[in-house]
Amino acid sequence: MTRARVRPLSYGVFASILWAAAATAPLRAQDPELGTVLQQAAAAPLAQVFELAEQLADQAPENNVDAFRDRLVRAAKQTDGDKARLCAALTLRSLKSDTTYGNDVLALVSPVAKSTDDGARSIALSLLGEDRLYNTRILPDVRKLVLENCKDELVPPLVRIEAALALWQVGTNDDRATAKQTLEQFLQSGDRDLRQRGALALAELNIEGGPAWTVLREIRDEPTDAGRRARLFLQREEQRREFEQMLARIVGRDGGTTAADSSDEYRVLTELRQRIRAQHIRGNSVTEQELIEFAAKGMLEGLDPYSTFFTSDEYKRFFFDLNREYGGIGAFVNFDQDGDFSIVRPIYSGPAYEIGLRSGDKILEVDGWETTGHTSDEIVTRLKGRPETPVVLKVFRVGFQEPQTLTILRRQIAVPAVNWTMVPGDVGYVELISFSSNLAEELRTALVDLTQKGARGIVLDLRNNTGGFLTQATDVVEQFLDGKRLVVYTEGPAEPRRDYYTEDRDRPVCKLPMAVLTNHFSASASEITAGALQDHGRAVIVGERSFGKGSVQNLFALRTDPPEPWEDLNDDGNWQEGEPYTDRNHNGAYDVGAHIKLTVAKYHLPSGRCPHREFDKDGRIVDPNWGVMPDKVIDLLENKPEDAWKNAALFALLRKGAFREYVKKHIGAHEPLFRELAEGDDGDPSRYPEFDAFYASLDTQLTKDDVRRWIRYEVRDQVSDLRGAVYPGQRALGDPQEDAQLQEAVRTLLQQDGRDIREVAAYRKVLKIPFPETPRTSAK
């Protein structure tokens, strides 16, 4: 907590307070320190109340402001007098903390706002006008109290003026009109002092012109406080007019257009640019290129949520998401909780894993260049490079006596678009991460592998997959449908209908029973895949309604900002780190040029439906049948709504690394057990070494089952390094033991095969899905 310091209490004032304390000790027995000062405030002139409030605020401990607040409010309630309440409220206003104390201020000043002491009442209304103190829940009560004082003509004039000023700050537009009318009434008063106060109040609210300014001009030369304030307001108005005239001259010199010049349809952009240069706080630092980029983004994003403008750097990141290949060491990297640049997880088919790097390893140097003090982008740029070129890393791992130096030969890295595994019940589980250019081939590999391992059904997981290339969606569907089948068609105002079919040729087709998982974040190409398989009756859709993106965007390079020339050493048509280029703008980085993503059409599924969720101008959904609706709707609900408090408790433990440290401590001595627990633990905490002692050490309100579940998530992460393969999904998502939606998909496939999921041992004790209250029979 920080606040402005004020003059400390003099010895004389302090002595008088002690004397007052002796006379009123029984009243302040609970808190003599604060009660003594408040009693002094109750008997002091109003001007001294402000000083005493500052003294109280200085007593607030920086590390426990809330406790001080409680003491202060309690002491104020035990002390008689409006000024004691005001002193406490003014103290609360001065405290600087992450919490505002509007509830307490309102409770303290509400009685004072009806006081017969006009001075105290005016101060109370001034406090009620500080809208920063009050949240939206109590603001209506504040507004009502202020409005009553403003509208009641029997309220003393000076109090009404203060009420009008407060109402302007906390009121609605209608309330502001009431405040303005109230103040203008005083301009007609026969009392010269009231006329002046009304005029000064209107000027304080920046209400310019009208009879108030006539009053201000009349008193501007008077050697009074009112005259000095009038001069300041009039000088401010004169400076504003001079600035407007200067701006008009600048616009004219700069060749700008005027409102009357209708020949330039984009004249508003010209004026905006000039005003930004002259008036905005960043006007001197923002570049012309930045202003153009801001305008381009606004122009496209105003059309629809999916059209946008990419700067060169933005397009490089976007392009990588769609073409997930690069030359590098093969690892996901970021800063860890210690602030060190570390390997989050190696790509298990890449050179980093092959040479021995593991999750959590800290990268201290790249080719002798220290990573400390540099950004993630700067470090990643040095890790990437042309395939078959070496990079030397200095790394550190807990347990090393000293950092190790490793030389890694970069390779062409394809970031996986598919993860897959077998789950209990002889079901192949396939997670599609993105519809990037390498998806179709990876999916083909996954299906062959799962079939060879004896899969009797396939679950295709599209949850959290926001889409990608439309053609990749067609290639995915093609692997599950034989013959020539319509997958999707697109059509737009400037785009004639275009149909996308599966190929009518001999090709491998997976004919196993299948289910598809969707949720609210399954969008675009994910919806094409799920919707086409649903329309053709090929798959059962399980989970939640999809996102509802049924529009098609095309990418266009801008001729006005072409890519820099480069030497394509690997003939892939794309610039890669390490390939020579001409740095035309001398910024030390390759620029691919600006691009735009423009919505050109909508897509329609084989049945003719369009999943696009579209809103009219009033914000209403145009077609209630948007998205892809699952055949079986089921929520994931890892935590019940009433258990939301657990998120904060879990976050605190995750931030401390409690689960990670537990697994690190035990995995070396219990590797076979932890490999087994990663596959499934039957929901039994006792299977984990020293679990009870660990649970007790956490001192948490979480249940043992909550802690067991998060230990197991960490076990799966660390076992991934041991087995050289990631578990699909993330946390509960994709975990057959914890994922209710995946369990429902498996149940659906087993039922089609005449089996019951409850008869599969791995599920028996951990099922999350409901069952009808009917006896079950074993499948024969």
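Is Arg229 buried, partly exposed or exposed, and what relative accessibility places Arg229 in that class? In the predicted model described here, Arg229 has a relative accessibility of 30% and therefore counts as partly exposed. The side chain of Arg229 meets that of Glu204 in a salt bridge, with a distance of 3.6 Å from N to O. Because Arg229 belongs to helix 13 and Glu204 to helix 11, which spans residues 192–204, this pair ties together parts of the chain that lie 25 residues apart in sequence. Glu204 is likewise assigned to the partly exposed class, since its relative accessible area is 43%.

The salt bridge between Arg229 and Glu204 belongs to a broader set, as a search of the whole structure finds 48 salt bridges. In general terms, side chains of opposite charge can pair when their charged atoms come close. A further example is given by Asp340 and Lys362, whose side chains meet in a salt bridge at 3.1 Å, again taken from N to O. This pair links distant parts of the chain, for Asp340 is placed in the loop between strand 3 (331–335) and strand 4 (341–346), whereas Lys362 is placed in strand 5 (residues 362–366), 22 residues apart. The two partners fall into separate classes of accessibility: Asp340, at 28%, counts as partly exposed, while Lys362, at 13%, counts as buried, because a residue is called buried when its relative accessible area is under 20%.

A salt bridge is also found between the side chains of Glu503 and Arg505, where the distance from N to O is 2.3 Å. Glu503 has a relative accessibility of 39% and so counts as partly exposed, and Arg505, with a relative accessible area of 45%, is partly exposed as well. Beyond such pairs, the model contains a network of salt bridges in which Asp681, Asp705, Arg708, Glu738 and Lys768 are linked.

Nonpolar residues at the surface were examined next. Tyr266, Val268, Leu269, Leu272 and Met299 form a nonpolar patch on the surface, and together these residues have about 500 Å² of accessible area. Helix 14, which covers residues 267–279, supplies the largest share of this patch, namely 3 residues. Tyr266 has its place in the loop between helix 13 (225–253) and helix 14. With a relative accessible area of 52%, Tyr266 is classed as exposed, because that class begins over 50%.

The packing of helix 2 was described through its crossings with two other helices. The axes of helix 2 (residues 32–43) and helix 4 (residues 65–77) come within 9 Å and cross at roughly 50°. Helix 2 and helix 4 are therefore oblique to each other, because this angle is neither under 35 degrees, as needed for roughly parallel axes, nor in the range of 65 to 115 degrees that counts as roughly perpendicular. The crossing of these two helices is right-handed. Helix 2 also crosses helix 5 (residues 82–94), with axes that come within 7 Å and an angle of roughly 125°. This angle makes helix 2 oblique to helix 5, and the crossing of helix 2 and helix 5 is right-handed too.

Several residues in loops were considered individually. Asp367, which lies in the loop between strand 5 and strand 6 (369–370), has a phi near 55°, a positive value in a residue other than glycine. The relative accessible area of Asp367 is 47%, so this residue is partly exposed. Arg731 also has a phi near 55°, which is positive although the residue is not glycine, and Arg731 is found in the loop between helix 26 (704–723) and helix 27 (740–752). With a relative accessible area of 31%, Arg731 is partly exposed. A further loop residue, Gly627, is placed between strand 18 (595–604) and strand 19 (632–633). At 4% relative accessibility, Gly627 counts as buried. The C-alpha atom of Gly627 is separated by 9.4 Å from that of Arg609, a residue 18 positions apart from Gly627 along the chain.

Note on methods. Residues numbered from 1 in each chain as written. Predicted model: local features only at pLDDT ≥ 70, side-chain atom pairs only at ≥ 80, totals over all residues. Heavy atoms only, no water. Patch = residues over 30% accessible without salt bridge, like charges linked within 9 Å, V, L, I, M, F, W, Y side chains within 5 Å. Areas by Shrake-Rupley, 256 points an atom, 1.4 Å probe, with all protein chains shown as cover. Salt bridge = Lys/Arg side-chain N within 4 Å of Asp/Glu carboxyl O. Helix = DSSP H or I, 4+ residues; strand = E, 2+ residues; numbered from the N terminus. Buried < 20%, exposed > 50% of the residue type's maximum accessible area, 1.4 Å probe, protein only. Axes fitted to C-alpha atoms, helices over the stretch in contact; angles between N-to-C directions. Parallel < 35°, antiparallel > 145°, perpendicular 65-115°, else oblique. Left-handed = near helix turned anticlockwise from the far one by under 90°.
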